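Grab a pencil and open the viewer. Here are a few exercises to work through, each with its solution spelled out step by step.

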Amino acid sequence: MDNLLLLLVLFAALFALAYAALNFILVRKLKEGNERMQEIAAAIREGANAFIKYEYKIVAIIGVCIAAVLGVVISWETMIAFLIGALMSSLAGLVGMKIATYANVRVANAANETRNTGKTLKVAFRGGSVMGLCVAGFALLGVLIVYLVFGLWEGMIILDASGKLPANLNPITGQTYTLSLILSGYALGCSVIAMFNRVGGGIYTKAADMGADLVGKTEAHIPEDDPRNPATIADNVGDNVGDVAGLGSDLLESYVGAILSCAILAIEIFSHSAFASTTLYAKMVAFPILFAAIGLFGCILGITFPLVKRKLSDNPHLELNLATWISAGVTLIFGFVLCWFLFSGEAEDQLSLAGFAIGRISPWVAAAIGIVAGIVIGAISEYYTSYDHKPTRAIAQASKEGSALTVTQGMATGMISCMLPVVVLGVAIYLCFAVGGMYGVGCGAMGMLSFVAATVSVDTYGPISDNAGGIAEMSGLDEDVRRITDKLDSVGNTTAAIGKGFAIGSAALATVSMMSSYLYTFMNELLLNLFSRDVLVGAIVGAALPFLFSGMLINAVAKAARNMVKEVRRQFTEIPGILTGEAKPDYKTCITISSQGALKEMILPAVISIAFPVVCGFLFGAYFVGGVLFGATVSAIMLALYTGNAGGAWDNAKKFIESGGVEGCGKGSPAHDAAVVGDTVGDPLKDTVGPSLDILIKIMSTVSLVCVVVFNQFNLAALLGL
């Protein structure tokens, strides 16, 4: 990567961060509204800041321990790269959460002052754009730092006199390591923070949400964000720590994983294949990083469009889709130009040996396939989760017959919704492989997330709008304001489901690429015999792991939610003036319950996701772990699609009833009570389990790639001669 291209990547990252800072300042300058609105917003902000502070303390301790082990067992460079990745992911989550706690009240005030959906949407989207730009900017900046420091300045990407990749020696273990392990360390740092943020934030937000719904809505029959509900502030805090901070770290990890899985695979392909062009090797490593920079410029244009447009329509979905389509379109066009000129001058026989089936544009075609696949998966998710379509409306109609049929219909919808996205993923993997081999599959993952800044901006707008609706309700603003925020929130639920489709799709492609790199570390060809003893048993065990992991998360949410339900019931009983409006509820106790529950329960599932493949490796060896990765990936893809789509459909079925979509049924009706139960069942599925599963498979493949150089030779099975 020459100096001019390096400057392009650096400029893209810094420009995105500067644009995010500008939008942060512009949001802060807007009015917060009346004194009551400011008081509520301050309470939400205080709760979110307190939680993230304690969570990051715990994560820092665990992260330092992991870094120390990496420094001893693998290399000091891998340790530093891990810490850089953890820092970038933490910063993205923190900044995104900060802007969300400032933007929520300003969105509510914009709705109150303008009574215009388009103007209110612009405020919410500007707030969301801060998170989107920070995710891509911090991720790309970290990748560039690691590439510069260890790839160029330390010379680990520069071939030696014999045309081979340099390998350093760990003086403690005697094992050699290459740049692949250092890049994997950066990805692992991002993954660890993402796992804790997603799990901890997900447990927090869903415990508060379920407690508020089960007692407030179904027992006391008060509105969702009624100020009389003791759990309502905790619920709104949860939106920020789970759906914003967790989302940002999650998508940053996905973005980094997609870029680096492609770059790492390029290094491994060069080391294990017949093509000898050193310039082609360097270009294959650089391409995903450069394409990501092009995508970031495309996102900046896409994000700017609705912000500078003089008048936004009253159709939030259309405006948000336009921002995404512009970002994807610009990325595709300029990505083609990049690919055409970057790979020019390379001999056709060398391109063919590297797996490029259609010449120099093969990586771009694979990336384009990934982009198209992501859009199609998103559209399928929208069909199954939006109340504009038949599946979600069928769940709403089923609610008239009671909560059992609501849950049954939602489960069926979620299960059915898995098939089409998996077919799309299968076709995408097949085509990407046909076009560019395993490197093409990596390019597909990278393409799917190349415009992540736009998709995260759209995703983050959702919880900001949800919080705005809560503040409007608690402040006593009139129904017109709540109608605007509810409309924005409903679209946010659908965009979140679309974003989760992108996340699991890219996770599948990136994990396949990372698994290929994993196999290359101890094999000379990509042949994993599924019916060999170790691989088959590993695959069966691995397939069960996502279910164990999901069950632990649901149990954690249920445990914290039970404590929340008890507390809300206690306050309603012991402070009877709450429901008449004569006494104020104790919000702080509910916030404490959610915080303590999340911080306590998040550690074990997160540690298992990191430790499981490592323990299996040191017990049974590399082939067993290969089977574990295969089984877990296939299982997690289905489970993530099911949980995300079922949960989103239940939520929007409830909103469809609340909007008057089911004749004779509205808020407080038996059908609405049944829909609330369905929504409550879906809460931990769509906002805790589903988003965590894509991190699970990537963190497992990354930590396996980092540690395989050790456990391939040092494991109990080998010691016993098995």
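The exercises below go from the whole chain down to single residues, and the model you are looking at is a predicted one.

**Exercise 1. Work out whether the overall size of the chain agrees with a compact globule.**

Solution. Start with the length: the chain has 722 residues, and a compact globule of that length would have a radius of gyration near 27 Å. Next, take the value for the chain, which is 25 Å, so the two agree. For the outline, the C-alpha atoms fill a box of roughly 80 × 60 × 40 Å along the principal axes. Then check what fills that box: the secondary structure comes to 22 helices and two strands, and 64% of the residues are buried. Finally, look at the contacts with a separation of 6 or more: 86% of them link residues 24 or more positions apart.

**Exercise 2. Find the largest nonpolar core and say which helix gives it the largest share.**

Solution. The core to look for has 255 residues. Helix 6 (residues 232-272) supplies the largest share, 22 residues. Now pick out the residues with the most contacts inside the core; among them are Leu-260, Phe-287 and Tyr-439. Zoom in on Tyr-439 and skip its neighbours within four places in sequence: its contacts include Cys-262, Leu-265, Ala-266 and Ile-269, along with Phe-287, Phe-356 and Pro-363.

**Exercise 3. Is helix 5 largely enclosed or left open by the rest of the structure?**

Solution. First, the geometry: helix 5 has 39 residues and reaches 55 Å from its first C-alpha to its last, close to the 57 Å expected. Then count the buried residues, using under 20% relative accessible area as the cut-off. That gives 38 of the 39, so helix 5 is largely enclosed.

**Exercise 4. Locate the kink in helix 19 and describe what surrounds this helix.**

Solution. Helix 19 covers residues 603-620 and spans 25 Å, close to the expected 26 Å. Step along to Ala-611: a kink of about 40° lies there, shortly before Pro-613. Pro-613 is one of the buried residues of this helix, as are Pro-605, Ile-610 and Val-614. The cover over the buried residues includes helix 2, helix 5, helix 16, helix 18, helix 20 and helix 21. Just past the end of helix 19, Gly-621 takes a positive phi of about 100°.

**Exercise 5. What is unusual about the phi of Arg-115, and where does this residue sit?**

Solution. Phi of Arg-115 is near 50°, a positive value in a residue other than glycine. Most residues other than glycine have a negative phi. As for its place, Arg-115 is in the loop between helix 3 and helix 4. Arg-115 is partly exposed there, with a relative accessible area of 38%.

**Exercise 6. Are Ala-453 and Lys-283 buried or exposed?**

Solution. Begin with Ala-453 in helix 14. Its relative accessible area is 1%, so Ala-453 is buried. Beyond its sequence neighbours, Ala-453 touches Gly-132, Leu-133, Ala-136, Leu-296, Cys-299 and Ile-303. Now turn to Lys-283 in helix 7. Here the relative accessible area is 19%, and with the cut-off at under 20%, Lys-283 still counts as buried. Its contacts outside the four-place window are Leu-342, Phe-343, Ser-344 and Glu-346.

How values were computed:
Residues numbered from 1 in each chain as written. Predicted model: local features only at pLDDT ≥ 70, side-chain atom pairs only at ≥ 80, totals over all residues. Heavy atoms only, no water. Core = buried A, V, L, I, M, F, W, Y, C linked by side-chain atoms within 4.5 Å. Buried < 20%, exposed > 50% of the residue type's maximum accessible area, 1.4 Å probe, protein only. Helix = DSSP H or I, 4+ residues; strand = E, 2+ residues; numbered from the N terminus. Contact = heavy atoms within 4.5 Å. Expected span 1.5 Å × (residues − 1). Bend = angle between axes of the 7 residues up to and from the residue. Rg over C-alpha atoms; globule rule 2.2 N^0.38 Å.
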